[in-house]
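Here are my notes on this model, point by point. Please read them with the structure open.

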Amino acid sequence: MTYVDGNAIGGLLTDVFGRDTTTVSGRCGECGAENVVAALRVYRAAGVVVRCPTCEAVLMRVVAGRDELWIDLGGLLGSGLEPLREAGIHVVHAGQVVDGRTQA
């Protein structure tokens, strides 16, 4: 399967987090490698899967529904990506919705 670099999701992440995140660094929860978002591997299919360029672990998943967007940052540690609390955007980390909503 072919991938592109993290710049491919730069616009999407800017829409969600309100700032350019391609230069934000985070650590892989699997191997500990530190990379900026632009250096990550992005695979597109029904959703978006972002993998570590070092060990191929899944760092981020993005799925868009009708009026909702789900972003799972479960494999990305210390990312510094603070989620916005806008309607229709759910940020999931470690299996928990962390964007302030009481209902997932």
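1. Start with α1. Its buried residues are Gly10, Leu13, Val16 and Phe17. Seen down the axis of α1, these buried residues fall within an arc of 130°, so they line one face of the helix. Keep in mind that this is a predicted model.

2. Now the end of that helix. Glycine 18 sits just after α1. This glycine takes a positive phi, about 75°.

3. Which residues have the most contacts inside the largest nonpolar core? They are Ile9, Val50, Met60 and Ile71. The core itself has 20 residues. Several elements give two or more residues to this core: α1 (10-17), β5 (48-51), β6 (58-64) and β7 (69-72). As background, nonpolar side chains tend to be buried together in soluble globular proteins.

4. Next, threonine 22. This residue is found in the loop between α1 and β2 (25-28). Is threonine 22 buried or exposed? Its relative accessible area is 10%, and the cut-off for buried is under 20%, so threonine 22 counts as buried. Leaving out residues up to four places away in sequence, threonine 22 touches Gly6, Asn7, Gly10, Val36, Val37 and Ala38. Of these contacts, Gly10 is also one of the buried residues of α1, and Val36 falls in β3 (34-36).

5. On to the open sheet. Three strands form it, in the order β3-β2-β8, and the pairing is antiparallel. β3 (34-36) and β8 (76-77) stand at the edges. Each has a single partner strand, so one side of each is left without a neighbour in the sheet.

6. A closer look at one pairing. β2 and β8 run antiparallel and are joined by two bridges. Which residue of β8 is the bridge partner of arginine 27? The partner is leucine 77.

7. Last, proline 53. Its place is in the loop between β5 and β6. Proline 53 is partly exposed, with a relative accessible area of 24%. The cut-off for buried is under 20% and for exposed over 50%, so this value falls in between. How far apart in space are proline 53 and leucine 40? C-alpha to C-alpha, they are 5.7 Å apart, while in sequence they are 13 residues apart. Neighbours within four places in sequence aside, proline 53 is in contact with Asn35, Ala39, Leu40 and Arg41. One of these contacts, Asn35, falls in β3 (34-36), an edge strand of the open sheet in point 5.

Conventions. Residues are numbered from 1 along each chain as its sequence is written. This is a predicted model: local features need pLDDT of at least 70, side-chain atom pairs count only at pLDDT 80 or more; totals for chains, interfaces and linings use all residues. Side-chain values use heavy atoms; hydrogens and water are left out. A nonpolar core is a set of buried Ala, Val, Leu, Ile, Met, Phe, Trp, Tyr and Cys residues joined through side-chain atoms within 4.5 Å. Buried means under 20% relative accessible area, exposed over 50%, partly exposed in between (1.4 Å probe, protein chains only). Helices (H or I, at least four residues) and strands (E, at least two) are DSSP runs, numbered from the N terminus. Contact means heavy atoms within 4.5 Å. The arc is that of the directions from the helix axis to the C-beta atoms. Two strands pair if DSSP finds at least two bridges between them.
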